[in-house]
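Q: I'd like to learn how to read a fold like this one, feature by feature. Could you walk me through it?

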Amino acid sequence: MDSAQIHIERIISTIFGEVGWIIFAAIIALTFKNTIQRVVEGIMFFFGGDYKIDDIVYINGSKKARITRKGLTKTTFYVYDTKRKLIIRNDKLPHLMLEK
C-alpha cells in the first residue's frame, strides 16, 4: 500500500469514528419515526387535560360515546348506540372531530 491510500483510510476511519454514532442515531430515528410520533402524540393526549376518563363525547357529531381508557398509544371508547367498545390510535384522534 502506498502512503496516500493509508492516509485516506485513516481519514475515513477518523470521520466514521467521530460522527458514526450520529449517522447511526439518524438511521434509527428515521426507521422508528412513526412509532416515536405516535408515542409523543399519545403522551400529549394522555397528560393533556382536554379529555378525561368517563367523559361523554360525540364522535363525528353523531355517535355518543364514553372514554373508558386512555393509553399512551390508543384510547378506548364505549359507544352507546352499538353497545360496543371502539379502540382508536391516538394519532387518529385529531381527525375524529370529538365533541364534548
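A: Happy to; keep in mind that this is a predicted model. Let's start with Thr75, which sits in strand E3.

Q: Is Thr75 buried or exposed?
A: The general idea is to compare relative accessible area with a cut-off: buried means under 20%. Thr75 comes out at 0%, so it counts as buried.

Q: Which residues does Thr75 touch?
A: Leaving aside neighbours within four places in sequence, the contacts of Thr75 include Phe45, Ile67, Leu86, Ile88 and Leu93. Asn90 is on that list too, and the side chains of Thr75 and Asn90 are joined by a polar contact of 2.6 Å.

Q: What should I look for in the sheet around it?
A: Strands of a sheet pair through backbone hydrogen bonds, either parallel or antiparallel. Here you have an open sheet of five strands, in the order E4-E3-E2-E1-E5, with antiparallel pairing. Strands E4 (84–89) and E5 (98–99) are the edges, each pairing on one side only.

Q: How many bridges link E3 and E4?
A: Six, with strand E3 (residues 74–79) and E4 running in the antiparallel sense. To find your place in that ladder, take Val79: its bridge partner in E4 is Arg84. The two strands form a hairpin with four residues between them.

Q: And how does E1 pair with E2?
A: Also antiparallel: strand E1 (residues 56–59) and strand E2 (residues 63–70) share four bridges. Look for Ile56, which stands opposite Arg66 in E2.

Q: Which residue of E1 is worth a look for burial?
A: Try Val57, which lies in strand E1. Its relative accessible area is 0%, so Val57 is buried. Not counting residues up to four places away in sequence, Val57 touches Tyr51, Lys63, Lys64, Ala65, Ile67, Phe77, Leu98, Glu99 and Lys100. Take Phe77 from that list: Val57 and Phe77 are 20 residues apart in sequence and 9.1 Å apart in space, C-alpha to C-alpha.

Q: What about backbone angles; where do I find a positive phi?
A: Most residues other than glycine have a negative phi. Three cases in this model are good to check by eye. Lys83, in the turn of the E3–E4 hairpin, has a positive phi of about 55°. Asn60 has a positive phi of about 55° although it is not a glycine, and its place is in the loop between E1 and E2. Asp54, not a glycine either, has a positive phi of about 80° and lies in the loop between H2 and E1.

Q: Are Asp54 and Asn60 buried, partly exposed or exposed?
A: Partly exposed is the band between the buried cut-off of 20% and the exposed one of 50%. Asp54, with a relative accessible area of 48%, is therefore partly exposed. Asn60, at 46%, counts as partly exposed as well.

Q: Is Asp55 buried or exposed?
A: Asp55 lies in the loop between helix H2 (33–47) and E1, and at 16% relative accessibility it counts as buried. Its side chain makes a polar contact of 3.2 Å with that of Lys100. Beyond four places in sequence, Asp55 touches Asp50, Ala65, Arg66, Ile67 and Lys100.

Q: Where should I look for a nonpolar patch on the surface?
A: Go to Ile8, Ile11, Ile12, Ile15, Phe16, Val19, Trp21, Ile22, Ile23 and Ile27, which form such a patch with about 950 Å² of accessible area together. Ile8 lies in helix H1 (residues 3–31), and its relative accessible area of 48% makes Ile8 partly exposed.

Definitions and conventions. Residues numbered from 1 in each chain as written. Predicted model: local features only at pLDDT ≥ 70, side-chain atom pairs only at ≥ 80, totals over all residues. Heavy atoms only, no water. Pairing = 2+ DSSP bridges. Buried < 20%, exposed > 50% of the residue type's maximum accessible area, 1.4 Å probe, protein only. Polar contact = N/O pair within 3.5 Å; in protein donor to acceptor, adjacent residues only side chain to side chain. Contact = heavy atoms within 4.5 Å. Patch = residues over 30% accessible without salt bridge, like charges linked within 9 Å, V, L, I, M, F, W, Y side chains within 5 Å. Areas by Shrake-Rupley, 256 points an atom, 1.4 Å probe, with all protein chains shown as cover. Salt bridge = Lys/Arg side-chain N within 4 Å of Asp/Glu carboxyl O.
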